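Reader: I'm about to spend some bench time on this one and I'd like a close look at a single part of it. Could you pick a stretch, go through it slowly and show me how the rest fits around it?

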Amino acid sequence: MQTFSNATFLRAVGQPAGLLPPGPPEIAFAGRSNVGKSSAINALLGRHRLARISKTPGRTQTINFYELGEGQRLVDLPGYGYARVSKLLREQWGTLVGAYLQNREGLAAVVVVMDARHPLTPLDLQLLDWLQRSRVLALLSKADKLSRAEQAATLDKVRLQLEGEVRLFSSTTRQGVDECRELLGKWLQNENGPPQSVAAAARRNKRPPVKGI
């Protein structure tokens with residue numbers, strides 16, 4: 001899809017004051033550290049190294065903005081749930097992500113990336129509960145690590161617990177890539193009608209999106 005074929009890196013932001021002003025529609029990607037979020041982003045954008053991939057959990061410590069075709073953006077949020085960083089750094093990440101979500105009126109949807117082998121961890125459920133009534137895609141990454149029977153069982157399990165869209169995904173085999181591009185492209189174009197604003201929901205929440213991010 002043309003929307004994802006001409007992505008370019010815009011900016012890495014480490015402090016709320018540095019956030020880009022709200023403007024064009026955005027899709028934000030969130031997920032636990034080391035679930036394959038950067039690999040999923042690269043697969044969707046048709047690039048190998050645009051989003052930095054690391055085997056070290058917690059490597060993404062900034063909000064990274066990418067410009068897509070047709071004046072839209074993809075936003076890579078810091079991974080959560082990695083304990084081997086300081087409490088202060090986790091709090092800073094939480095403040096940064098909260099500031100972003102609470103002020104992005106143009107945020108069309110949030111993609112929550114989960115390892116298909118270990119979906120719906122307590123921190124994932126915290127975030128999904130926080131985002132309820134917003135437009136969310138649960139992306140089950142590393143699906144190639146499961147057999148077809150295991151994939152089907154995992155998909156059923158997650159769909160039973162979540163409202164909204166759920167997709168199996170593999171950046172290795174490209175399973176789900178075209179399907180997700182089509183869905184996200186429609187959301188960026190707002191073809192399915194406007195969702196409840198993520199920012200409006202965020203402002204009503206008095207707690208961080210993920211406690212101890």
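Author: Start with one pair in this predicted model: Phe9, whose bridge partner in strand 3 is Tyr66. That pairing belongs to the join between strand 1 and strand 3 (residues 63–67), where the two strands run antiparallel and five bridges link them.

Now zoom out to the sheet itself. Seven strands make up an open sheet, its order is 1-3-4-2-5-6-7, and the pairing is mixed. Strand 1 (8–13) and strand 7 (165–168) sit at the edges, each pairing on one side only. On average, neighbouring strands here are turned by 20° against each other, direction ignored. As a reminder, strands of a sheet pair through backbone hydrogen bonds, either parallel or antiparallel.

The stretch I'd pick for the slow look is strand 6. Strand 5 and strand 6 run parallel and are joined by six bridges. One pairing to find on screen is Val111, whose bridge partner in strand 6 is Leu137. What about cover? Six of the six residues of strand 6 are buried, so the strand is largely enclosed by the rest of the structure. In a regular strand the side chains alternate between the two faces of the sheet. Strand 6 is covered on both: Val136, Ala138 and Leu140 are buried on one side, and Leu137, Leu139 and Ser141 are buried on the other.

Let's stay with Leu137, which has its place in strand 6. Leu137 counts as buried because its relative accessibility is 0%, and the cut-off for buried is under 20%. Who surrounds Leu137? Setting aside neighbours within four places in sequence, Leu137 is in contact with Val110, Val111, Val112, Glu165, Val166, Arg167, Cys180, Leu183, Leu184 and Trp187. Val166 is worth a second look: Leu137 and Val166 lie 29 residues apart in sequence, yet their C-alpha atoms are 5.8 Å apart in space.

Next, the helices against the sheet. Helix 3 (residues 87–102) lies across strand 1, strand 2 (26–31), strand 3, strand 4 (73–76) and strand 5 (107–115), and runs at about 40° to strand 3. Helix 5 (residues 148–161) packs on the sheet too, touching strand 5, strand 6 (136–141) and strand 7, with a direction that makes about 165° with that of strand 7.

What fills the inside? The largest nonpolar core has 36 residues, and Tyr100, Val112 and Met114 touch the most other members. At least two residues of this core come from each of strand 2, strand 3, helix 3, strand 5, helix 4 (122–130), strand 6, helix 5 and strand 7. Helix 3 gives the largest share, five residues. Apart from this core lies another one, of 27 residues, including Leu68, Val113, Phe169 and Val177. Back to Val112 for a moment: not counting residues up to four places away in sequence, Val112 touches Ala30, Tyr80, Leu127, Leu128, Leu131, Val136, Leu137, Ala138 and Leu139. Several strand 6 names are back in that list, among them Val136 and Leu137.

Strand 6 has company in being covered. Helix 2 (residues 37–45) is largely enclosed by the rest of the structure, because eight of its nine residues are buried. Lys37 is found in helix 2. Is Lys37 buried or exposed? Lys37 counts as buried because its relative accessible area is 7%, against a cut-off of under 20%. Beyond its neighbours within four places in sequence, Lys37 is in contact with Phe29, Ala30, Gly31, Asp76, Leu77, Gly79 and Val113. Right after helix 2 comes Gly46, with a positive phi near 70°.

For the wider frame, the protein has seven helices and seven strands, following the pattern α-β-β-α-β-β-α-β-α-β-α-β-α-α along the sequence. Of its 213 residues, 51% count as buried. Among contacts with a separation of 6 or more, 76% are between residues 24 or more positions apart.

One caution before you zoom in elsewhere. The mean pLDDT of the protein is 84, and 81% of its residues reach 70 or more. Over residues 54–58, though, pLDDT stays under 50. Where pLDDT is low, the predicted coordinates should not be read in detail.

Terms used. Residues numbered from 1 in each chain as written. Predicted model: local features only at pLDDT ≥ 70, side-chain atom pairs only at ≥ 80, totals over all residues. Heavy atoms only, no water. Buried < 20%, exposed > 50% of the residue type's maximum accessible area, 1.4 Å probe, protein only. Helix = DSSP H or I, 4+ residues; strand = E, 2+ residues; numbered from the N terminus. Pairing = 2+ DSSP bridges. Axes fitted to C-alpha atoms, helices over the stretch in contact; angles between N-to-C directions. Contact = heavy atoms within 4.5 Å. Core = buried A, V, L, I, M, F, W, Y, C linked by side-chain atoms within 4.5 Å. pLDDT = per-residue confidence, 0-100.
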